[in-house]
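Q: Could you take me through the pocket and what sits in it? I'd like one close, connected look at that single part.

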Amino acid sequence: MHKSSTLAVPETADIPQHVAVIMDGNGRWAKHRHLPRFAGHQRGVEAVRAAVKACIDRGIEYLTLFAFSSENWRRPAEEVALLMELFTGALTKEVAKMHRNGVRLRVVGDLGRFDSRIWALITEAEKLTAGNEVLTLTIAANYGGRWDILQALSRLAKERPDAVAGNLSESDLAPYLSMSYAPEPDLFIRTGGEHRISNFLLWQLAYTELYFTDALWPDFGAELLGEAIIWYAGRERRFGRTSEQVEAEQQPRKDGAVAGATAPPRRTRANA
Ligand code: IPE
Ligand code: IPE
Ligand code: MG
């Protein structure tokens, strides 16, 4: 499935195929209400439910959520423990419903640091939902973009030392990245007002449209997702080309050379 936005120009449409989100601002949401940080994380789980539903309703095929970064272990032990409890609870309670709704669940990250109970729940959930095709929901847990590139390189070196010794190419590495089953994200959303990537999908975000909102994650829902998608639909995705080239390529499609049902129209800022 892996398609590279730096090796070839991908098909694009007004609705992103893959949305990747840094769900930030749970702590501040709670603080504004004089509640413990944990209350914000609890509301954050509800916002995840809303986001999954909104993505299904809009026909988005891949949703990737940053739930816990490799750097989040630096938080107070109590908060880390509560986040693990919440993750375990969600894996226990939410998977059956996701399965009914056709959601395929994947968890990416350095899972070795999680306890065996979480491991087992992840394995079970991935197995149960493996055949689902409505939405692929990926949870990035103990994930770091640098970790991902390094683990891919290590596995490649082990399995194909010849490739590493020669002229290593992007397509050699791609199958080993932890999200090789998904296209690269079209739209990245970060809530919570910060303008940074925080070691999320470093490799995969090469040509992703980056959207930042001040809204705090517990307040995020269908409406704010809609705003992000409207913004996305107004982008001209050039992938290195000029605006004129993008428009020229779009012309034959407008004239009906390509069946509209199978190939979504390309978009430029002028016609958005
Ligand atoms: C994001 O919210 C959730 C996780 C990182 C697990 P935060 O907990 O970072 O919320 P703020 O940034 O402190 O408001
Ligand atoms: C990023 O949020 C990680 C997750 C949302 C899981 P943080 O709140 O930890 O990010 P920084 O450290 O402030 O950049
Ligand atoms: Mg934060």
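A: The space taken by ligand 1 is the largest pocket, and ligand 2 sits in the largest pocket too. A pocket here is an open set of points on a 1 Å grid over the protein atoms alone, where a 1.4 Å probe fits and protein lies on both sides within 12 Å along at least five of seven lines; a molecule sits in a pocket if more than half of its atoms lie within 2 Å of the pocket's grid points. Keep in mind that this is a predicted model, where local features need pLDDT of at least 70, side-chain atom pairs count only at pLDDT 80 or more, and totals for chains, interfaces and linings use all residues. Residues are numbered from 1 along each chain as its sequence is written, chains are lettered from A and ligands numbered from 1 in the order in which they are written, and side-chain values use heavy atoms, with hydrogens and water left out.

Let's start with ligand 1. Its shell (residues with a heavy atom within 4 Å) includes Met-23, Asp-24, Asn-26, His-41, Ala-67 and Leu-83. Helix 1 (26-32) and helix 2 (37-58) each supply at least two residues of that shell, and the largest share, three residues, comes from helix 1. Helices are DSSP runs of H or I with at least four residues, strands are E runs of at least two, and both are numbered from the N terminus.

Now the polar contacts, meaning pairs of N or O atoms within 3.5 Å. The side chain of Arg-75 puts an N or O atom 2.7 Å from an oxygen of ligand 1, the side chain of Arg-37 has one at 2.8 Å from a ligand 1 oxygen, and Gly-25 comes in with a backbone N or O atom at 3.4 Å. The protein covers 86% of the 380 Å² of accessible area that ligand 1 has on its own (Shrake-Rupley method, 1.4 Å probe).

On to ligand 2. Among the residues around ligand 2 are Met-23, Asp-24, Ala-67, Asn-72 and Arg-75, and those names also appear in the shell of ligand 1. Strand 2 (residues 62-69) gives the largest share of the ligand 2 shell, four residues. Arg-75 turns up here as well, with a side-chain N or O atom 3.2 Å from an oxygen of ligand 2. The side chain of Asn-72 has an N or O atom at 2.8 Å from a ligand 2 oxygen, and for the side chain of Ser-198 the distance is 2.5 Å. Of the 390 Å² of accessible area that ligand 2 has on its own, the protein covers 79%.

Notes. A polar contact is a pair of N or O atoms within 3.5 Å; within protein, one must be able to donate a hydrogen and the other to accept it, and residues adjacent in sequence count only if both atoms are side-chain atoms. On a 1 Å grid over the protein atoms alone, a cavity is a set of points where a 1.4 Å probe fits but cannot get out, and a pocket is an open set with protein on both sides within 12 Å along at least five of seven lines; lining residues have an atom within 4 Å of a point.
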